[in-house]
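Q: I have the sequence and the model open side by side, and I would like to learn how to read such a structure feature by feature. Could we begin with a single residue and work outwards from there?

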Amino acid sequence: MDLAPEAVLLIIRKRDTEIDTPAAMTNNRLERFAHNLDWNLLRTFVVVVEEGSITAAANRLLLQQPAVSMALKRLEQTVGQKLIDRRPGRFNLTEAGEKLHGQCRDIFAAVVRLPNVLETAGEEVTGHLNIHSVSHAHNPAWDRKLDAFFRMHPKVTLSVTVATTVDVLSAVERNIATMGLCDGIIPDGLNKSFHIRERYALYCGRGHPLFGVEGVDFNDLRGNPYIAFIADVLGGQHMNSVTAVRAIGSFGQQVRGVSCNVEEVMRLISANVGIGMLPDHLAGPAVKAGQLWQLPPYSDLPTTDVFRISNPNSILNPAEAAFLAHVADTEPLDHCLSHNLD
């Protein structure tokens, strides 16, 4: 069928209008960008940022320094933005570099988790759970949840890593951990549920001069060596009410020992290496056994909250999805209340 010239012209105009819509143009531009981007450049960029220098990145990647510099230059040309401010004595990410690095972390976290996502479950839930936790975040309701979950899904496997507050947060943010159990300041982008509350008191060991002394004053504590948790840093990122007691009482300036493990902190205090703060429900048995002695403050003791945290943007394998749903309603435990009832 022959079309009149006017009809052909209308069809051409209609086709051109459809192709040239803003949405179509944007999609085409993004597709071309993704097609032209050398994804290896992103990996190189991430290593450069992590190492903080071109030379260190080249050593890690087993490349020559000029090759890494050229890769960074090509990436900057591709994205049309300067990513790193490199001048004598300076190596700082630009605003564009910060944004790209955040996206790269998400990309590589997703790639790392692909084997778990691709696990075929059939009728049974399979997969691996990776939990990162601060030490001794004990809640019997959590243990019951674990028992019930593995009864239902016996082929699921689990690894638990005890780490610092900062490391737990980092693992969850980078999608390395299925779930984290930690205190500190939880970023707004993460899901969190109240898990436990602990009350802290200050203690010394049997060999300390103040052991057995009643009514000790804050002034008596000044100059005493201190045993701290790694996150317990005066003015630090995760400074909490426990750390604030040190500031108020003007003690703990000399930190003699640090650990992220409650048992190790208690061991060092009992061995008279220094004084330190401990959850009072954990220190109680050692106090009764004559191994620890409580120091001031004696009232209005500080508390810390531990949360179950997860990343809503994480790509979950079947086991992880089932586990997060299963433990979502775990009953929290306030050790302050249970301790008062003892």
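**Reading the model step by step**

A: Let us start with Thr303, which is placed in strand E11 (residues 303-310); strands (E, at least two residues) and helices (H or I, at least four) are DSSP runs, numbered from the N terminus. This is a predicted model, in which local features need pLDDT of at least 70 and side-chain atom pairs count only at pLDDT 80 or more, while totals for chains, interfaces and linings use all residues. Residues are numbered from 1 along each chain as its sequence is written, and side-chain values use heavy atoms, with hydrogens and water left out.

Q: Is Thr303 buried, partly exposed or exposed, and which residues does Thr303 touch?

A: Buried means under 20% relative accessible area, exposed means over 50%, and partly exposed lies in between (1.4 Å probe, protein chains only). Thr303 counts as partly exposed because its relative accessibility is 32%. A contact means heavy atoms within 4.5 Å, and, leaving aside residues up to four places away in sequence, Thr303 touches Arg197, Glu198, Arg199, Ser241 and Cys336. The C-alpha atoms of Thr303 and Ala201 are separated by 9.2 Å, although these positions lie 102 residues apart along the chain.

Q: How should I read a salt bridge, and which residues pair with Arg197?

A: Side chains of opposite charge can pair when their charged atoms come close. The rule asks for a side-chain nitrogen of Lys or Arg within 4 Å of a carboxyl oxygen of Asp or Glu, and by this rule the count comes to ten salt bridges. Arg197 forms a salt bridge with Asp305, the closest N and O atoms being 2.6 Å apart. That pair links distant parts of the chain, with Arg197 in strand E6 and Asp305 in strand E11, 108 residues apart. Arg197 also meets Asp334 in a salt bridge (3.4 Å, N to O). Asp334 lies in strand E12 (residues 333-334) and Arg197 in strand E6, so this pair ties together parts that are 137 residues apart in sequence. Arg197 is partly exposed at 25% relative accessibility, whereas Asp334 is buried, with a relative accessible area of 17%.

Q: Where do Arg151 and Asp147 lie?

A: Both lie in helix H8 (residues 140-152), four residues apart, which is about one turn of the helix. Their side chains meet in a salt bridge (3.0 Å, N to O); Arg151 counts as exposed at 65% relative accessibility, and Asp147 as partly exposed at 40%.

Q: Which residues of helix H11 are buried, and what do these buried residues pack against?

A: The buried residues of helix H11 (residues 262-270) are Val262, Val265, Met266 and Ile269. They lie on the same side of H11, because they cover an arc of only 100 degrees around the axis, the arc being that of the directions from the helix axis to the C-beta atoms. The elements that these buried residues of H11 pack against include strand E6 (191-205), strand E8 (255-259) and helix H12 (280-288). After H11 comes Asn272, whose phi is positive, near 65 degrees.

Q: How do these details fit into the protein as a whole?

A: The secondary structure of the protein comes to 14 helices and twelve strands, and buried residues make up 40% of its 342 residues. Of the contacts with a separation of 6 or more, 75% are between residues 24 or more positions apart.
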